[in-house]
Amino acid sequence: MSGSVPPVNWIALGFPHLESEGFRPTSPQSHSYNCIAWAAGDSGRWWWPDEFGVCYWPSGVPRSATPLAFIAAFGTLGYKLCDDGKVETGVEKIAFYTGSNGNVTYGARQLPTGKWTSKLGKNIDCEHSLRGLEGSAYGRVYMFMSKRSSA
């Protein structure tokens, strides 16, 4: 079933809060990009600070999964740290999750409605709440970044 949306029950197994928080699949599977790329607005390549340089990562930014490296990477796109994920008119926001080791594990982008959109690995994109993806897979939301909307 390549290109199809996985059954909801499969997603619920990996992300137990998604059903109670509510979510909506918004795309079929894709191996072309990941959650970090999707947060950056890039659906054409896989973003990750791997040490071998296989994945895309902004030039001059340390290839590390630390929050500081992600702040620097998204700083190249005009994002700056902000206090929270509250909707602000004319402002684009992203959220990063960290695992128990303190490294970034996941990224999500805020929609104008206040919901969040992200890519579940090589699977689907979905619309969700931030809490919906918290748990053992991605950890918890650690930080928010924002920039003025270009629209």
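Lys-115 counts as partly exposed in this predicted model, because its relative accessibility comes out at 32%, which falls between the 20% limit for buried and the 50% limit for exposed. The residue sits in the loop that runs between β4 and β5 (116-119). Leaving out residues up to four places away in sequence, Lys-115 touches Glu-21, Gly-22, Arg-109, Gln-110, Glu-127 and His-128. Gly-53 is another matter: 62 residues separate Lys-115 and Gly-53 in sequence, and their C-alpha atoms are 32 Å apart in space.

Another loop residue, Phe-15, is found between α1 (8-14) and α2 (17-21). Phe-15 counts as buried because its relative accessibility is 9%, under the 20% cut-off. Setting aside neighbours within four places in sequence, its contacts are Leu-120, Gly-132, Leu-133, Ala-137 and Tyr-138. Phe-15 and Val-141 are 126 residues apart along the chain, yet 14 Å apart from C-alpha to C-alpha.

Leu-133 turns up again from its own side of that contact. Not counting residues up to four places away in sequence, Leu-133 touches Phe-15, Leu-18, Tyr-97, Tyr-106, Ser-118, Leu-120, His-128, Tyr-138 and Gly-139. Leu-133 is also one of the residues with the most contacts inside the largest nonpolar core, along with Ile-36, Phe-70, Phe-74, Phe-96 and Leu-120. That core takes in 35 residues. Two or more of them come from each of α3, α4 (67-75), β3, β4 and β7 (140-148). The top contributor is α3, with 5 residues.

What about α4 itself: which of its residues are buried? They are Pro-67, Ala-69, Phe-70, Ala-73 and Phe-74. These buried residues lie on the same side of α4, because they span an arc of only 155° around the axis. The general rule behind such a pattern is simple enough: an α-helix has 3.6 residues a turn, so residues three or four places apart point the same way. As for what they face, the buried residues of α4 pack against α3, β3, β4 and β7. Phe-70 and Phe-74, both on the buried list for α4, are also among the residues with the most contacts inside the core.

Now for the largest pocket, which holds about 280 Å³ of space. It is lined by 17 residues, and those closest to its centre are Val-91, Glu-92, Gln-110, Pro-112 and Ser-149. The elements giving two or more residues to this lining are α3 (35-40), β3 (91-98) and β4 (104-110). Of the elements, β3 gives the most, at 3 residues. Sorted by class, the lining comprises 8 nonpolar, 4 polar and 5 charged residues.

Is Val-91, one of those central lining residues, buried or exposed? Val-91 is buried, because its relative accessible area is 15%, again under the 20% cut-off. The residue belongs to strand β3. Apart from residues up to four places away in sequence, Val-91 touches Ser-146, Lys-147, Arg-148 and Ser-149. Ser-149 is thus worth a second look: this contact of Val-91 is also on the list of residues closest to the pocket centre. Gln-110, from that list too, is 19 residues from Val-91 in sequence and 9.5 Å from it in space, C-alpha to C-alpha. Gln-110 is also touched by Lys-115, the loop residue described at the start.

Key. Residues are numbered from 1 along each chain as its sequence is written. This is a predicted model: local features need pLDDT of at least 70, side-chain atom pairs count only at pLDDT 80 or more; totals for chains, interfaces and linings use all residues. Side-chain values use heavy atoms; hydrogens and water are left out. On a 1 Å grid over the protein atoms alone, a cavity is a set of points where a 1.4 Å probe fits but cannot get out, and a pocket is an open set with protein on both sides within 12 Å along at least five of seven lines; lining residues have an atom within 4 Å of a point. Grid points are joined across faces, edges and corners, and a volume is the space filled by probe spheres set on the points. Helices (H or I, at least four residues) and strands (E, at least two) are DSSP runs, numbered from the N terminus. Ala, Val, Leu, Ile, Met, Phe, Trp, Tyr, Cys and Pro count as nonpolar, Asp, Glu, Lys and Arg as charged, and the others, Gly among them, as polar. A nonpolar core is a set of buried Ala, Val, Leu, Ile, Met, Phe, Trp, Tyr and Cys residues joined through side-chain atoms within 4.5 Å. Buried means under 20% relative accessible area, exposed over 50%, partly exposed in between (1.4 Å probe, protein chains only). Contact means heavy atoms within 4.5 Å. The arc is that of the directions from the helix axis to the C-beta atoms.
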